[in-house]
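Student: I've got this one open and I'd like to go through it with you. Where should we start?

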Protein chains: 2
Amino acid sequence: MRVVALAGGVGGAKLASGLQAAVGDELTVVVNTADDLERHGLLVCPDHDTVMYTLAGLDDRVQGWGIRDESFAAAGMLERYREETWFRLGDRDLATHIVRTERIRAGARLTEVCLGLQRALGVVAKILPMTDDTVRTQVRTDDGWLEFQEYFVHRHQAPEVHEVRFEGIEHAEATARVRGELGFAETIVIAPSNPIVSIGPILAVPGVRDLFAAARRGGTPVLAVSPIVGGKALKGPADRMLVSLGHEASALGVARLYAGLVDGFVVDTVDAALAPAVEALGMRTLVTDTVMTDDASRERLAREILAFGRAVRA
Amino acid sequence: MRVVALAGGVGGAKLASGLQAAVGDELTVVVNTADDLERHGLLVCPDHDTVMYTLAGLDDRVQGWGIRDESFAAAGMLERYREETWFRLGDRDLATHIVRTERIRAGARLTEVCLGLQRALGVVAKILPMTDDTVRTQVRTDDGWLEFQEYFVHRHQAPEVHEVRFEGIEHAEATARVRGELGFAETIVIAPSNPIVSIGPILAVPGVRDLFAAARRGGTPVLAVSPIVGGKALKGPADRMLVSLGHEASALGVARLYAGLVDGFVVDTVDAALAPAVEALGMRTLVTDTVMTDDASRERLAREILAFGRAVRA
């Protein structure tokens, strides 16, 4: 069962780890790269690395992000050197960015570098950057256009987002690996990540929506999982961002964004009442517990989604 | 009392800290850059950093090198990524290399970057790279020519050194800062560093020997401290290297290398018997305890050397 998941950060990483438990090396995760950034001269890929650390079993379950048992000795020294350290990088995490930056400077492509890092950490699935080209999310706030991480980390998502753009997206290409995996996928799953700034950039890469359409014509179910549960984002600013951009902060609001793109939509049991309205958008629904609190719940949700995919196309 | 010290690694750093205690911001240390190297895409300057950490009071007194309370979390991760980690970099130390590399890539010169790092760590003296150009020490062994750190760190100084060269030295320029400081120096001190591979490259930078000669003509004493005590290097391979290159592994052997260049030479009390032979080379001698075991002995030796300089030119 070849599965392709589209994922952003933490929520996507959790579902990806459940899918990896279910299908092992038949899983490919396509990750958002539009919130990548350069810090201290190093290329940092937050979404890729969150998924990688999670699939390698290195994720910090208590804190909910980053590497378990991470230390911050280098960050303290960077502060002494008066570097801006609002994007605080742990010591182990820094090693990732150092190696990535070194290999890219030596001429390697982001995809190949990331696959090498994943292999070294023993990740079973493959995690593919959506593109090897540079795309950067920017959000328009009352203070003007901000780089995504400036808004997300430095300003703690406090400013209201009036508009979102993906700088460079029109010239970005889906990599051959991404195109190939989408072409051969037997199930495509949009993870419960922010639909605007995590999934949005992946879907905005030229050609990706066509690949979805082609996959669906070939019988591959495309499914999405709501990142909004009971009107709230489990993590991050997706709920407020949906509202400030004129959408509804609900599973239904997310389903509307995916209308015409997916065959099935997964909503949490607390949102069961929204299922009929979602189905009216032309998609099937699966109502289940979508909150992943441990390995078992990650894998259970993953297996339910895969079964839902088979049912949707039956 | 404007003092310029020439220094390599640990021994030089200790004397530099004594000199800093004695004359404060009137001290300038010119450091060897020929054992700099690139690791993991980062520019590492071992001699500069050893002196900087020591003058900042961050040096590890127990281990004898590196930063006190250093951790190696990133190095462990770099190993997982199958990076070569024989040049093991600590987490705090990595921050130094990250910042330096970032600023140099942004177009800054090594000297200005290093001065910025020093200021941030509260170093009172100035530490100047001998050049902003790239010079790299290589040693010829039975295994052929090796990069210096390959010999020094990776192979633990085991191979016998038959020849030494400073790749790039002919095109290297002493910086304006180095030329200026040597021109205004009231005392010049060659620290007890390896005369071949620590002091050697500094003296080999085109023009430096002429600046020494000009300073001496102007009345500035040039003094050197033997890094060999009782026929042994206190640290590192200087003794074996002297022998394999056809010199004598003794304070006298070192004095011969500096003949014609210095006015005064400092030997340890255990080598008092060598003083007449050293004086026969045309230099005055100071016989004193040169082994620096704590801050007090560093400063005492520094003050004795400065007094010796005044006596030499009196």
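**Helices and sheets in chains A and B**

Tutor: Start where the chains meet: α3(A) and α4(B) are oblique to each other. Oblique covers whatever is left once you set aside angles under 35 degrees (roughly parallel), over 145 (roughly antiparallel) and 65 to 115 (roughly perpendicular). Helices here are DSSP runs of H or I with at least four residues, strands are E runs of at least two, and both are numbered from the N terminus.

Student: Before we go on, what kind of model is this?

Tutor: It's a predicted model, where local features need pLDDT of at least 70, side-chain atom pairs count only at pLDDT 80 or more, and totals for chains, interfaces and linings use all residues. Residues count from 1 along each chain as its sequence is written, while chains are lettered from A and ligands numbered from 1 in the order in which they are written.

Student: Back to the helices. At what angle do α3 of chain A and α4(B) cross?

Tutor: Roughly 45°, and the axes of α3 (residues 73-80) of chain A and α4(B) come within 7 Å. The axes are lines fitted to C-alpha atoms, for helices over the stretch in contact, with angles from 0 to 180 degrees between N-to-C directions.

Student: And which residues meet there?

Tutor: From α3(A) you get Ala73(A), Ala74(A), Met77(A) and Leu78(A). On the α4(B) side, they meet residues including Asp91(B), Arg92(B), Leu94(B) and Val99(B). Contact means that C-beta atoms, placed from the backbone, lie within 7 Å.

Student: How many residues does each chain put into the contact?

Tutor: Chain B gives 25 and chain A gives 25. In chain B, the elements giving two or more residues to that side are α3 (73-80), α4 (91-105) and α5 (110-120). The one that gives the most is α4(B), with ten residues.

Student: New topic: sheets. What's the strand order of the open one with seven strands in chain B?

Tutor: Going across chain B, the order is β5-β2-β1-β9-β10-β13-β14, with parallel pairing. Two strands pair if DSSP finds at least two bridges between them. At the edges sit β5 (126-129) and β14 (284-288) of chain B, each pairing on one side only. On average, neighbouring strands in this sheet are turned by 20° against each other, ignoring direction.

Student: Give me one pair to look at.

Tutor: Try β1 (residues 3-7) and β2 (residues 27-31) of chain B, which pair in the parallel sense over five bridges. Find Ala7(B) there, and opposite it in β2(B) is Val31(B).

Student: Which helix lies across β1 and β2 of chain B?

Tutor: That's α7 (residues 176-184) of chain B, which also lies across β5 and β9 (187-190) and runs at about 125° to β5(B).

Student: What about chain A: which strands make up its open sheet of three?

Tutor: They run in the order β7-β6-β8 in chain A, and the pairing is antiparallel. The edge strands are β7 (144-147) and β8 (163-167) of chain A. From one strand to the next, the twist averages 30°. Four bridges join β6 (residues 136-141) of chain A to β7(A), and Thr141(A) stands opposite Gly144(A) in β7(A).

Student: Last one: how do α1 and α2 of chain B cross?

Tutor: At roughly 35°, with the axes of α1 (residues 10-23) and α2 (residues 46-55) of chain B coming within 9 Å. Among the α1(B) residues in this contact are Val10(B), Ala13(B) and Gln20(B), while α2(B) brings Thr50(B), Val51(B), Thr54(B) and Leu55(B).

Definitions and conventions:
Two residues are in contact if their C-beta atoms, placed from the backbone, lie within 7 Å.
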